[in-house]
Structure formats: C-alpha cells, structure tokens
Amino acid sequence: MNPSKDMPVILLGSGGHAKVVLDLLLETGFTVRGITTSDPAVLRASLWRGIPVLGDDEVLASYPPETYALANGIGSARIPTVRMQIYQRMKAKGYFFPPLIARSAIVKTSTVIGEGAQIHAGAVVQTDAVVGENAVVNTRTVVEHECVIGPHSHVATGAILCGQVTLGACVHIGAGATVRQCTTIGENVCVGAGAVVTAAIDASGTYYGVPARKNGEFHEQV
C-alpha cells in the first residue's frame with residue numbers, strides 16, 4: 001500500500017519530536033487529521049498546536065488503515081526501541097507510514113528511502129545512500145555516499161556519517177557524533193553525543209568518547 005498525499009495522516013505522539021514531524025507534514029502538503037497521545041495533559045485538550053486531539057492509540061480503531069496513514073512522532077533521545085515497537089505494532093494492523101523529506105533537505109535521486117523514514121531540515125543525504133524504514137535523519141545531519149542506515153535507527157542532529165558507513169537496526173548516533181568512512185556499526189548500539197567512531201562496533205552497548213569506547217549496555221543512558 002502506498003497512498004498519495006490525498007490520504008489524511010494521523011500523528012502519533014505529542015512530544016518534541018512530534019512537533020517537528022507536524023511541521024514537516026504540513027510543509028510538505030499532507031493533511032493532518034489529528035494526533036494520538038498518552039500525555040494526560042494533552043488528552044484533556046481538544047486541540048494540540050491547532051490539530052485535533054483524537055485520544056490515545058486505542059482510538060485508531062475508528063480510523064481504519066484503508067483510509068488513514070500514520071506518522072511516527074515518537075522520538076529517541078538515546079535508544080529507538082519504543083519508536084520501533086510503536087511502528088511495528090501499527091504496521092501489524094495494516095497502517096502505512098509515508099516517508100517524509102523536508103523541503104530544505106538535500107537528498108540525491110539515487111537515495112533509497114524506506115517506508116516511514118524521516119529526513120529533516122537541512123540534512124544532506126548523498127549518492128546511493130539507503131535510509132531504512134522508520135529511520136530518522138535529523139536536522140543538519142550529513143549522510144555521505146553509499147551509507148546504509150538500518151531500520152528504526154536515528155542519526156541525531158548534526159551527526160556525520162562519512163562515506164560507506166553501515167548502521168544496523170535500532171542504532172542511535174548522538175548529536176554531533178562522527179563515524180569514519182567504511183565503518184560498520186551493528187544493531188542495538190548507542191553512540192553518544194560528540195563521539196568519534198573510528199573502528200567497527202560489533203557488540204551491542206553504549207559508546208562515547210574520542211575515539212568511541214564501550215561504556216555501558218544499550219539500555220543505559222549516555
């Protein structure tokens with residue numbers, strides 16, 4: 001299923017990332033039917049940033065996937081698993097997540113962009129890169145030629161992936177971090193803000209520093 005922008009979108013979430021995704025949806029011509037959220041304060045309101053508050057995720061039973069698409073507004077400050085779980089649960093119900101590309105992003109035509117991927121303002125995605133499903137390339141990130149970003153991964157604000165970097169599934173690259181060219185990072189890895197990855201990372205965990213070294217397990221905060 002690959003609906004056009006004529007299909008209205010429901011935004012999941014009401015946090016900081018959801019605010020950015022809402023702006024991205026509106027600037028690229030989508031109609032936003034409303035939001036769902038688990039935030040009690042937002043649920044008590046009728047509108048959020050001018051958009052109807054529909055309820056929590058249970059209300060989606062009234063908005064079938066044949067008629068509505070979804071946008072993932074759940075962010076990931078260090079581990080993308082919650083964002084991944086919500087996406088997978090909604091995909092199992094048949095919903096489609098359109099890929100979103102900011103107008104100010106530079107994305108080469110040879111880039112492969114997966115379902116639900118988000119490429120935000122000022123990002124640069126170069127020739128023959130692959131951005132996996134539900135992945136986030138955040139504001140002013142640089143993804144160089146032939147990089148592969150695995151599904152559900154998040155390359156945070158201002159991070160740099162040099163040429164031919166490969167990220168596995170569910171990887172978080174922190175703000176301002178750099179990954180050296182031709183480096184592979186396995187799944188379930190968090191690289192802290194400002195870190196420099198100079199060698200392959202195979203083991204799940206959190207890594208930070210220059211050069212980046214393991215300093216904890218994947219569930220721990222960097």
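A polar contact is a pair of N or O atoms within 3.5 Å; within protein, one must be able to donate a hydrogen and the other to accept it, and residues adjacent in sequence count only if both atoms are side-chain atoms. In this structure, such a contact of 2.9 Å joins the side chains of H17 and Q118. The model is a predicted one, in which local features need pLDDT of at least 70 and side-chain atom pairs count only at pLDDT 80 or more, while totals for chains, interfaces and linings use all residues. Residues are numbered from 1 along each chain as its sequence is written, and side-chain values use heavy atoms, with hydrogens and water left out.

H17 belongs to helix α1, residues 16-27; helices (H or I, at least four residues) and strands (E, at least two) are DSSP runs, numbered from the N terminus. H17 is buried, because its relative accessible area is 14% and buried means under 20% (exposed is over 50%, partly exposed in between; 1.4 Å probe, protein chains only). Residues that H17 touches (heavy atoms within 4.5 Å) include N72, G73, R83, H120 and V136, not counting residues up to four places away in sequence.

The chain as a whole has three helices and 24 strands. Of its 222 residues, 50% count as buried. Its C-alpha trace spans about 50 × 35 × 30 Å along the principal axes.

Strands of a sheet pair through backbone hydrogen bonds, either parallel or antiparallel. Here, two strands are counted as paired if DSSP finds at least two bridges between them. One open sheet has five strands in the order β3-β4-β2-β1-β5, with mixed pairing. Its edges are β3 (47-48) and β5 (69-72), each with a single partner strand, so one side of each is left without a neighbour in the sheet. Within this sheet, β2 (residues 32-36) and β4 (residues 51-55) pair in the parallel sense over two bridges, and I35 stands opposite V53 in β4. Helix α1 lies across β1 (9-12), β2, β3, β4 and β5, running at about 160 degrees to β1; axes are lines fitted to C-alpha atoms, for helices over the stretch in contact, and angles run from 0 to 180 degrees between N-to-C directions.

Another open sheet consists of eight strands in the order β6-β9-β12-β15-β18-β21-β23-β24, also with mixed pairing. Its edge strands, β6 (100-101) and β24 (213-216), each pair on one side only. Strands β18 (residues 172-173) and β21 (residues 189-191) run parallel and are joined by two bridges; the bridge partner of I173 in β21 is V191.
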